[in-house]
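Ready for a few exercises? Take a look at the chain below, then work through each task before reading its solution.

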Amino acid sequence: HSNLGELVIKQLEDLKIFRASSLNKSKIVVQNCQKEVATAEEALDKAKKQYHRTKLDFQRAKEKLVVIARHVVDYCKLMDEKKKEAVGKESNKYNLGMGRMIISAFESTPEQDRDKQAK
């Protein structure tokens, strides 16, 4: 019986050693996982900060583009007005010239008046 008792005690001691070893390995694995989680959380925080900075930069750029678009629209309107003014001036010159030509067609020239008097 004593051999059986010693054998049981030996197996219990082996089990205790195995359990302690497994527990130590598990602790190391858990600690490594905790470190990896902490590292991942830091990386996530950095990524979130970068995302927010990028989002703000994007918003600023978008606002600048809106301002530029307004300037372009205003510039186009101004150029259209200037073109209309220029076309209006040219048109007025043309109309005045045409008007003068039409009027002069119905007016007699001094030579024509002299010819009429001679007849």
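**Exercise 1.** How many disulfides does a search of the whole structure find?

*Solution.* Remember as you go that this is a predicted model. Start with the rule: two cysteine sulfur atoms count as a disulfide when they lie within 2.5 Å. Next, apply the search to the whole structure: it finds 0 disulfides. While you are looking at cysteines, check their surroundings too. Cys33 has a relative accessibility of 39%, so it counts as partly exposed. Cys76 is partly exposed as well, with a relative accessible area of 40%.

**Exercise 2.** Describe the protein as a whole: which elements does it have, and what percentage of its residues is buried?

*Solution.* First, the elements: there are 2 helices and 0 strands. One of the helices, H1, covers residues 2-106. Second, burial: a residue is called buried when its relative accessible area is under 20%. Of the 119 residues in the protein, 0% are buried. Third, the surface: its accessible area is about 11,600 Å², and carbon and sulfur atoms account for 62% of that.

**Exercise 3.** Which residues form a nonpolar patch on the surface?

*Solution.* Find these six side chains in the view: Leu4, Leu7, Val8, Leu12, Leu15 and Phe18. Together they offer about 610 Å² of accessible area. Now zoom in on one member, Leu7, which sits in helix H1. Its relative accessibility is 45%, so Leu7 counts as partly exposed.

**Exercise 4.** Count the salt bridges, and say which side chains meet in them.

*Solution.* Begin with the idea behind the search: side chains of opposite charge can pair when their charged atoms come close. The cut-off for a salt bridge is a nitrogen-to-oxygen distance within 4 Å. By this rule there are 2 salt bridges.

- Lys10 and Asp14 make one of them, at 3.5 Å from N to O.
- Asp57 and Arg60 make another, at 3.1 Å from N to O.

**Exercise 5.** Why are the partners in each pair separated by about one helical turn?

*Solution.* Take the pairs in order. Lys10 and Asp14 are 4 residues apart in helix H1, so about one helical turn separates them. Asp57 and Arg60 are 3 residues apart in helix H1, and therefore about one helical turn lies between them too.

To finish, look at how open each partner is. Lys10 is partly exposed at 46% relative accessible area, and Asp14 is partly exposed at 37%. In the other pair, Asp57 is partly exposed at 45%, and Arg60 is partly exposed at 46%.

Methods:
Residues numbered from 1 in each chain as written. Predicted model: local features only at pLDDT ≥ 70, side-chain atom pairs only at ≥ 80, totals over all residues. Heavy atoms only, no water. Buried < 20%, exposed > 50% of the residue type's maximum accessible area, 1.4 Å probe, protein only. Areas by Shrake-Rupley, 256 points an atom, 1.4 Å probe, with all protein chains shown as cover. Patch = residues over 30% accessible without salt bridge, like charges linked within 9 Å, V, L, I, M, F, W, Y side chains within 5 Å.
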